[in-house]
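Please read the following briefing with the sequence and the 3D structure at hand. It takes a few topics in turn and names the residues to look for under each.

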Amino acid sequence: MSNFDKQQVFRQIPPINILLDLPEVKKLIETYGREFIVDTIRLVVDNFRKSPKPMCREEIIDYIEKELDIYINEFNNIGLKRVINATGVILHTNLGRAPMPKEAINLINEVSSGYSNLEFDLESGGRGSRHSHIEHILKRITGAESAVIVNNNAAAVFLCLNTLANNREVIISRGQQVEIGGSFRIPDIIARSSCKMVEVGTTNKTRLSDYSNAITEETSILLKVHTSNYKITGFTEEVPLQDLVSLGKQKNLVIMEDLGSGSLYDLSLIGLPYEPTVQDSIKNGADIVTFSGDKLLGGSQAGIIVGKKDLIDKIKKNPLMRMLRCDKLTIAALSATLELYMDLDKAVQNIPTLKMMALSEKELLSKANKLKELISEKLGNKCAIEVIDELDEVGGGSLPGVTLNGKAVALTAENMNVNVLQEKLRKSHIPIICRINKDRISLNVRTIHDEEFEIIVNTLWGIIGE
């Protein structure tokens with residue numbers, strides 16, 4: 001295009017004030033504010049000037065409105081928002097891990113909509129402790145003497161080591177030097193907590209004598225880390241917790257166990273492999289046990305510490321505690337979730353993580369058939385659809401190697417590439433995150449709530465139905 005032609009097109013670009021009077025633009029101003037929309041229009045116009053096209057005034061206005069919508073949609077996709085998890089991975093780390101029970105959400109709304117007794121003792125009328133709101137129920141459920149929570153499990157491990165073994169030795173098996181995720185490793189946490197790590201045994205075999213021979217006057221903690229995110233199989237050996245506890249009593253050492261994903265429920269009751277529970281660790285004599293709140297427990301992100309009262313009291317007094325403490329929303333969510341564990345049948349029915357893990361193949365097939373039927377009714381022959389067998393996962397660094405027999409709705413759209421469809425689902429108003437399996441979209445129903453079926457159907461209609 002010649003320079004003269006460009007100038008002719010540029011003259012057709014309406015002034016900003018004209019564009020702001022367009023009905024659709026006025027609606028955007030009501031939602032996003034005048035300043036933001038003005039800045040976005042200027043950005044769209046500037047981009048058009050860099051790559052002009054031979055358009056008349058009406059075409060340019062139409063182009064600007066469409067580009068404005070694109071920018072607004074991109075803006076809306078930035079930041080935290082709800083998504084639909086159709087991957088079949090229950091504790092999907094990238095999707096926020098455990099969805100919280102309704103009871104937790106209700107209590108969050110209640111305590112955040114006004115004031116709360118976060119650090120106020122209603123009995124005495126004086127200053128209270130934020131730890132008290134959750135300590136009593138953790139003691140009751142786990143059998144521990146005391147408890148405290150911090151903002152995640154890495155912080156829990158760090159705080160315990162820094163308090164109980166500062167400038168002293170922590171003995172750990174080579175086979176338990178876990179990388180938690182995001183390159184956070186147990187050896188790094190031990191070093192940062194101002195402790196000296198002493199490795200014993202080999203990657204696949206560690207005996208009680210390895211621990212015993214490594215103990216010196218500088219030893220403070222025998223640390224056992226549950227390898228919750230991987231398994232070593234074959235020619236292996238590790239020291240049972242009870243044996244470490246006996247050795248610790250003989251040598252007057254702290255026995256600390258990091259359970260990682262931290263189950264409060266015997267998963268074998270719902271047909272899954274047994275996973276060590278916090279209750280078992282306390283019963284077997286561990287002095288300190290740390291675990292996560294947002295994995296197998298099914299609550300909010302938190303690092304939970306339970307154990308002997310004298311040790312927990314020291315941890316509470318650590319100056320770092322203020323840096324790592326939880327806010328009122330985390331305390332509310334976790335306390336409401338823990339309340340459900342007072343009745344284990346109620347826990348499985350009301351804690352989404354446990355409920356999804358407990359779903360039978362019959363229940364999953366029923367869900368999948370229902371979703372298939374709804375999609376078929378809405379879209380007719382615009383897509384090919386069937387129910388297929390799938391393999392689901394617990395995820396979140398929990399139950400490694402365990403797969404769950406699942407069901408999914410597999411579909412392909414008429415005249416639309418499967419990768420394009422997956423992208424459009426991901427970029428929809430309520431993003432739908434799904435897999436591609438054998439050139440078909442796979443909607444794994446284990447992780448889809450029934451109330452989300454309508455959203456999925458309407459989103460698919462908006463993409464391929466119209």
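What follows goes from an annotated region to a sheet and then to some aromatic rings.

The model shown here is predicted. In this model, six strands form an open sheet, and ring pairs link Tyr 32, Phe 36 and Phe 75 into a cluster.

**The annotated N-terminal region**

- An unreviewed UniProt entry carries the annotation "domain: L-seryl-tRNA selenium transferase N-terminal", and according to that record the domain covers residues 10-49.
- Over residues 10-49 the chain is 80% helix and 0% strand, while the C-alpha atoms at the two ends of this stretch are 7 Å apart.
- Arg 49 lies over the face of Phe 10, at a distance of 5.1 Å from the ring centre.

**The sheet**

- Strands of a sheet pair through backbone hydrogen bonds, and they can do this in a parallel or an antiparallel way.
- Here the six strands follow the order β1-β14-β15-β13-β12-β2, and the pairing among them is mixed.
- The edge strands are β1 (84-86) and β2 (89-91), each of which pairs on one side only, and from one strand to the next the twist averages 35°.
- Strand β12 (residues 383-395) and strand β13 (residues 398-413) run antiparallel and are joined by twelve bridges; looking along this pair, one can find Glu 390 opposite Gly 406 in β13.
- Helix α19 (residues 418-426) packs on the sheet, where it touches β13, β14 (432-437) and β15 (440-444), and the direction of the helix makes about 165° with that of β14.

**Aromatic pairs and their surroundings**

- The count of aromatic pairs in the model comes to four.
- Tyr 32 and Phe 75 are an edge-to-face pair, because their ring centres are 6.4 Å apart and their planes stand at 85°, and planes over 60 degrees apart count as edge-to-face.
- This pair links distant parts of the chain, since Tyr 32 belongs to helix α3 (residues 23-32) and Phe 75 to helix α5 (residues 57-76), with the two residues 43 residues apart.
- Phe 36 and Phe 75 form a tilted pair, with 4.7 Å from centre to centre and 45° between the planes; Phe 36 is in helix α4 (residues 34-50), and it is 39 residues apart from Phe 75 in helix α5.
- Are the rings of this cluster buried or exposed? Tyr 32 counts as partly exposed at 27% relative accessibility, Phe 75 is partly exposed at 41%, and Phe 36 is partly exposed at 26%.
- Elsewhere, Lys 378 lies over the face of Trp 461, at 5.6 Å from the ring centre.

Notes
Residues numbered from 1 in each chain as written. Predicted model: local features only at pLDDT ≥ 70, side-chain atom pairs only at ≥ 80, totals over all residues. Heavy atoms only, no water. UniProt positions renumbered as here; feature names shortened; annotations may be inferred. Helix = DSSP H or I, 4+ residues; strand = E, 2+ residues; numbered from the N terminus. Pairing = 2+ DSSP bridges. Axes fitted to C-alpha atoms, helices over the stretch in contact; angles between N-to-C directions. Contact = heavy atoms within 4.5 Å. Phe/Tyr/Trp six-rings, centres within 6.5 Å; stacked < 30°, edge-to-face > 60°. Buried < 20%, exposed > 50% of the residue type's maximum accessible area, 1.4 Å probe, protein only. Lys NZ or Arg CZ within 6 Å of the ring centre and 35° of its normal.
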